[in-house]
Amino acid sequence: MLALTTNGLLQIEGNRVNEIKSSWRGSYIIYQSRVKPGRFFIGLETGAAMVENINNRWSEPQMLRGISSAVRYINEDAEGVLWLGTSYNGVYKIKQSEIPGGSLVPVHDSNISKADEVKIFPATG
């Protein structure tokens, strides 16, 4: 089991707690990929990071290039596309199929096609 704290990522096994070393602080959310269940994305105050469990070993956590805003929401659609919501800089779309070896360049919301456009409607009632 993984647990996210403001200051980092922890792996919990029974009564043991191990820290997964990282340089980032200010964590908001952790999301386990449905397409690649060993892959986890972390929303941070200064962007987003990814860590993978490969053969029961954790990869070095890495920042996702191109995102510098606070990422507070992460979700995945049926095709495995990640949608990252930021506090002040819109939505990022990341195709996991285009993550070669864990490295990626996210597409900012200004480049999302009309077919992928996110629409927000005010709540009624």
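## Surface and overall make-up

Accessible areas here come from the Shrake-Rupley method with a 1.4 Å probe. On that basis the chain exposes about 7800 Å², and carbon and sulfur atoms supply 50% of that area. Keep in mind that this is a predicted model.

The chain has 125 residues, and 38% of them count as buried. As for secondary structure, there are 12 strands and 0 helices, so to speak an unbroken run of β elements from the N terminus on. Looking at contacts between residues at least 6 apart in sequence, 32% join residues at least 24 apart.

## The S4–S5 hairpin

Strand S4 covers residues 27–32, and strand S5 covers 39–44. A hairpin links S4 to S5 through 6 residues. The two strands pair in the antiparallel sense, with 5 bridges between them. Within this pairing, Gln32 sits opposite Phe40 of S5.

## Two nonpolar cores

What makes up the largest nonpolar core? It has 12 residues in all: Tyr31, Phe41, Ala48, Met50, Leu64, Ile67, Val71, Ile74, Leu82, Leu84, Tyr92 and Ile94. Strands S6 (47–54), S9 (71–76), S10 (81–86) and S11 (91–95) are the elements that give two or more residues to this core. There's also a second, separate core of 9 residues, with Leu2, Ile20, Ile42 and Leu44 among them.

Ile74, a member of the largest core, is a handy residue to click on. Setting aside neighbours within four places in sequence, Ile74 is in contact with Ile29, Tyr31, Phe41, Ile42, Gly43, Leu82, Trp83 and Leu84. Of those partners, Tyr31, Phe41, Leu82 and Leu84 also belong to the largest core, while Ile42 belongs to the second one.

## Arg25 and its loop

Where is Arg25 found? Arg25 lies in the loop between strand S3 (16–20) and strand S4 (27–32). Is this residue buried, partly exposed or exposed? Arg25 counts as partly exposed because its relative accessibility is 41%, and that class lies between the cut-offs of 20% for buried and 50% for exposed.

Not counting residues up to four places away in sequence, Arg25 touches Thr6, Asn7, Glu19 and Glu45. Thr5 is 20 residues from Arg25 along the chain, and the C-alpha atoms of the two are separated by 8.9 Å.

Terms used
Residues are numbered from 1 along each chain as its sequence is written. This is a predicted model: local features need pLDDT of at least 70, side-chain atom pairs count only at pLDDT 80 or more; totals for chains, interfaces and linings use all residues. Side-chain values use heavy atoms; hydrogens and water are left out. Helices (H or I, at least four residues) and strands (E, at least two) are DSSP runs, numbered from the N terminus. Buried means under 20% relative accessible area, exposed over 50%, partly exposed in between (1.4 Å probe, protein chains only). Contact means heavy atoms within 4.5 Å. Two strands pair if DSSP finds at least two bridges between them. A nonpolar core is a set of buried Ala, Val, Leu, Ile, Met, Phe, Trp, Tyr and Cys residues joined through side-chain atoms within 4.5 Å.
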